[in-house]
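Work through the exercises below with the structure in view. Try each task before reading its solution.

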Amino acid sequence: MKTKLNPEQQDNVNTQVIELSNKHKVSDGVQFKIHALDCAQLQPVSELYQTWMQLYQNDINSDLYQHPDYIIPLLPILAKAYPQYPGYLMQCYRQGTLIAAGILLPKNMSTKVLKGLGPARLLPGYYLSGNRFLVQPELQQDKTLLKSLLESATTFCHQQKSVFLLLDDLLVNDPLNKIAQDSETPFLKFSHTGFQDRSLIHFPENPIDYWKQFRSKSRGKQRRLLRQNSEMTFIRVTEPDQVADFLEAAHQISLNTWQTQRLGLRIKNDDMELEELVFLASNGFLRCYMLKKDDQPVAFKIGHQHKGVFRDVEVGFDLDYASKSPGEALLLMTLDDLIQHDPPHTFDFGEGDAEYKQRYSSEITQSGSVLLLAPTIKNKLLLFYLKSSRVVDRNIRKVLKATGTYTAIRQLLRYGKLGSR
């Protein structure tokens, strides 16, 4: 059934109507409207901006990356980087009332990042900004609505001739992940990350009591680690006028981190990163940290705090200083700073598992990224290639572990020498 727009809903914004299967139709009176995002049409006085902002404010679980003031400055940057793939705002109306929305932004992914073997190639797609839909509070648990939103977004991405819709770093118990993994979901699914352990810290009512969970031997090791890095200067970055210098230094560090060596350059110090961090700082959410030695940047942590949750977004340290474990030292200093100044109730280590994360956490859950693709022959062949590459990679890892060389090779790849952390 093709949805129809009420005359009063029409405006000057480029819109499209999408098809919904009867199986996943929410109810009579539900309409979907897709807006190609354009800065000129998103002035604060515009109806589109106002309805978007109202929905954002009504949704108690709204994410920073769904805020219109975060998205708008990125649009010219994205338009330059992806001229054939504009960003979109997908709105869902019920009987003329806006009940939900999703922000779809373009993103290329390399087959190398997706763990594909052989020469890398870029795949065009979209990601759901904030990894969730904005939904009115009374409909937050409406699985039928969420299923329709996800189906509609994936269908629309395919209609734009993109390969995938990316749900990035979803918690395993997230309702959207459960819907994406449902066997009845009419799309191909692929997770290049798999679902890995994800570490969280839930601070006690008195945050300073967090340190009491560690045995005296562990606290002794922590103090020794801090003494080893005592010549380092600890810097907190929260203000807009600090962002440019911080990004430049983080980029310099990133050129020599194991993350960059394995996954590609992590901090590019480009316009998009600058706009993101300036938005966070301007709204009081940015909490980044850095260690320097004699004005030489050594380690960085990019994070933000919103609604009582600190999210560890990106970390890195210069491999030339690996013997002093500056990454873990920076974590200890960060935790102490968070406890002493505006403490969050939760510290989220973000995606990816690591022994040090589990050592400092109070809860272990799981998270992973999921790609949804239309069930075309071309996409089925693509998934066959990616899944076959994964099987080969796993078998190689098993052989290396069986021969006792896996850890050594991993250390060499990450740090350039053995015995480093």
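**Exercise 1.** Are Tyr210 and Phe214 buried or exposed? Then classify their ring pair.

Solution. Both Tyr210 and Phe214 are buried (under 20% relative accessible area with a 1.4 Å probe, protein chains only; exposed is over 50%, partly exposed in between). This is a predicted model: local features need pLDDT of at least 70, side-chain atom pairs count only at pLDDT 80 or more, and totals for chains, interfaces and linings use all residues. Residues are numbered from 1 along each chain as its sequence is written, and side-chain values use heavy atoms, without hydrogens and water.

Next, take the rings. Rings of Phe, Tyr and Trp (its six-membered ring) pair if their centres lie within 6.5 Å; planes under 30 degrees apart are stacked, over 60 edge-to-face, the rest tilted. The structure holds 14 aromatic pairs. The centres of Tyr210 and Phe214 are 5.5 Å apart and the planes meet at 85°, so this pair is edge-to-face. Ring pairs also join Tyr210 and Phe214 with Phe203, Trp211 and Tyr360 in a cluster.

**Exercise 2.** Which residue forms a salt bridge with Arg132? Find what the pair ties together.

Solution. The partner is Asp59, with the closest N and O atoms 2.9 Å apart (a salt bridge needs a Lys or Arg side-chain nitrogen within 4 Å of an Asp or Glu carboxyl oxygen). Arg132 sits in the loop between β5 and β6, and Asp59 in the loop between α1 and α2, so the pair ties together parts 73 residues apart in sequence. Arg132 and Asp59 are buried.

How values were computed: Helix = DSSP H or I, 4+ residues; strand = E, 2+ residues; numbered from the N terminus.
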